[in-house]
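I opened the model to look up helices, loops and a few single residues. My notes follow in the order in which I took them.

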Amino acid sequence: MATDSWALAVDEQEAAVKSMTNLQIKEEKVKADTNGIIKTSTTAEKTDEEEKEDRAAQSLLNKLIRSNLVDNTNQVEVLQRDPNSPLYSVKSFEELRLKPQLLQGVYAMGFNRPSKIQENALPMMLAEPPQNLIAQSQSGTGKTAAFVLAMLSRVEPSDRYPQTRKTASWLAAELSKEGHQVALLSGEMMVEQRAAVIERFREGKEKVLVTTNVCARGIDVEQVSVVINFDLPVDKDGNPDNETYLHRIGRTGRFGKRGLAVNMVDSKHSMNILNRIQEHFNKKIERLDTDDLDEIEKIAN
Ligand SMILES: Nc1ncnc2c1ncn2[C@@H]1O[C@H](COP(=O)(O)OP(=O)(O)OP(=O)(O)O)[C@@H](O)[C@H]1O
């Protein structure tokens, strides 16, 4: 596991520093400046051999001076295994579902496992729809790192959703033009606004609710009679998102009532997605003849 290999690497590095005793460091050549950084005197008449030795000495001494850093990092490891420490965590960064690039980044930073505040706050900070969070943790326990990780995680979705939001508002406008009472639920709305929209829909003030993928989560309205998938749910790689599909169609037919879900299929690609969803649930999805309104009516009732 990364945990152990990282800790091992630190131990190896320490051991290497301790074993470097046969290097002969010539005291007079080495001076520490006011910042404690070792500088060697560079004189024109130095031989190549001396030059090499200088650099080796410089490297070693810098390592020794910073050995407290190495020890400290190792100490983080120890603390992170202590259940009483604010750095203790039971999860790995993988379990926090960080994106692969971010995972690479945290490991490159030498972060080996999340701290307690990261373990607890990150799942909420990465939740969809975004949640407000107030968290408190003592200094140096990884709050800033948690904030930055969440911020970087959000960069990708913010690229993706506008397209969906655009489609949703276009669809809502088209349906309104045709005389439907339409409510639109979209990601840029404040939570209060979303709640108000859902409430109006629940009360039957609007009969049609258009919502993006993200917003559809968590909506629990009893009397949804028909769910229409304008776009089929796919994950970021374009594969069918079966879980979201189930969640969406589960909005209809609740509490033992009959429900109807209709999928719009407008290309070979979306047909392929639908077929794969069908295979996944091993449940046949009937084809509707769009010209036969009677048939549609019959099913809906
Ligand atoms: N999971 C982790 N594993 C190892 N080191 C970490 C981890 N998270 C953060 N760090 C390191 O610990 C140090 C403190 O982290 P950070 O600045 O995020 O803490 P903070 O809680 O914001 O501190 P402060 O309250 O003082 O601003 C930083 O050097 C950071 O790189």
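**Helix α4 and what follows**

I looked just past α4 and found glycine 110 with a positive phi of about 85°. Helices here (H or I, at least four residues) and strands (E, at least two) are DSSP runs, numbered from the N terminus.

Before going on, I noted that this is a predicted model, in which local features need pLDDT of at least 70, side-chain atom pairs count only at pLDDT 80 or more, and totals for chains, interfaces and linings use all residues. Residues are numbered from 1 along each chain as its sequence is written, and side-chain values use heavy atoms, with hydrogens and water left out.

Which residues of α4 are buried? In this helix, residues 100-108, I found Leu102, Leu103 and Val106 buried. Buried means under 20% relative accessible area, exposed over 50%, and partly exposed in between, with a 1.4 Å probe and protein chains only. Seen down the axis of α4, the buried residues fall within an arc of 105°, so they line one face of the helix. The arc is that of the directions from the helix axis to the C-beta atoms. An α-helix has 3.6 residues a turn, so residues three or four places apart point the same way. On the other side of α4 I listed Pro100, Gln101, Gln104 and Ala108 as exposed.

**Two loop residues**

I then took phenylalanine 111, in the loop between α4 and α5. Phenylalanine 111 counts as partly exposed because its relative accessibility is 28%. Setting aside neighbours within four places in sequence, I found phenylalanine 111 in contact with Phe93, Val106 and Ala145; contact means heavy atoms within 4.5 Å. Phenylalanine 93 and phenylalanine 111 are 18 residues apart in sequence, and their C-alpha atoms are 9.1 Å apart.

Threonine 141 sits in the loop between α5 (116-125) and α6 (143-177). Is threonine 141 buried or exposed? Threonine 141 has a relative accessible area of 4%, so I entered this residue as buried. Beyond neighbours within four places in sequence, threonine 141 is in contact with Pro86, Leu87, Ser115 and Ile117.

**Helix α7**

Helix α7 (residues 191-202) has 12 residues and reaches 16 Å from first C-alpha to last, close to the 16 Å expected at 1.5 Å a residue. The expected span is 1.5 Å times one less than the number of residues in the helix. I found Arg194, Val197, Ile198 and Phe201 buried in α7. These buried residues cover an arc of only 95° around the axis, which puts them on the same side of α7.

Alanine 195 is also in α7. With a relative accessible area of 44%, alanine 195 is partly exposed. I noted a C-alpha to C-alpha distance of 9.3 Å between alanine 195 and leucine 185, which are 10 residues apart in sequence. Glycine 204 follows α7 and has a positive phi, near 85°.

**Helices α9 and α10**

At what angle do α9 and α10 pack? Helix α9 (residues 242-249) and helix α10 (residues 268-281) pack at about 85°, with their axes 10 Å apart. Axes are lines fitted to C-alpha atoms, for helices over the stretch in contact, and angles run from 0 to 180 degrees between N-to-C directions. I therefore entered α9 and α10 as roughly perpendicular to each other. Angles under 35 degrees count as roughly parallel, over 145 as roughly antiparallel, 65 to 115 as roughly perpendicular and the rest as oblique.

On the α9 side, Asn242, Tyr245 and Leu246 meet Ile277, His280 and Phe281 of α10. The residues of this contact divide into four nonpolar, two polar and no charged. Ala, Val, Leu, Ile, Met, Phe, Trp, Tyr, Cys and Pro count as nonpolar, Asp, Glu, Lys and Arg as charged, and the others, Gly among them, as polar.

I also looked up serine 270 in α10, which counts as buried at 10% relative accessibility. Not counting residues up to four places away in sequence, serine 270 touches Leu232 and Val265.

In the loop between α10 and α11 (293-300) I came to asparagine 282. Its phi is near 50°, a positive value in a residue other than glycine. Asparagine 282 counts as exposed, at 71% relative accessibility.

**Whole chain**

Last, I noted 11 helices and six strands in the protein. Buried residues make up 30% of its 301 residues.
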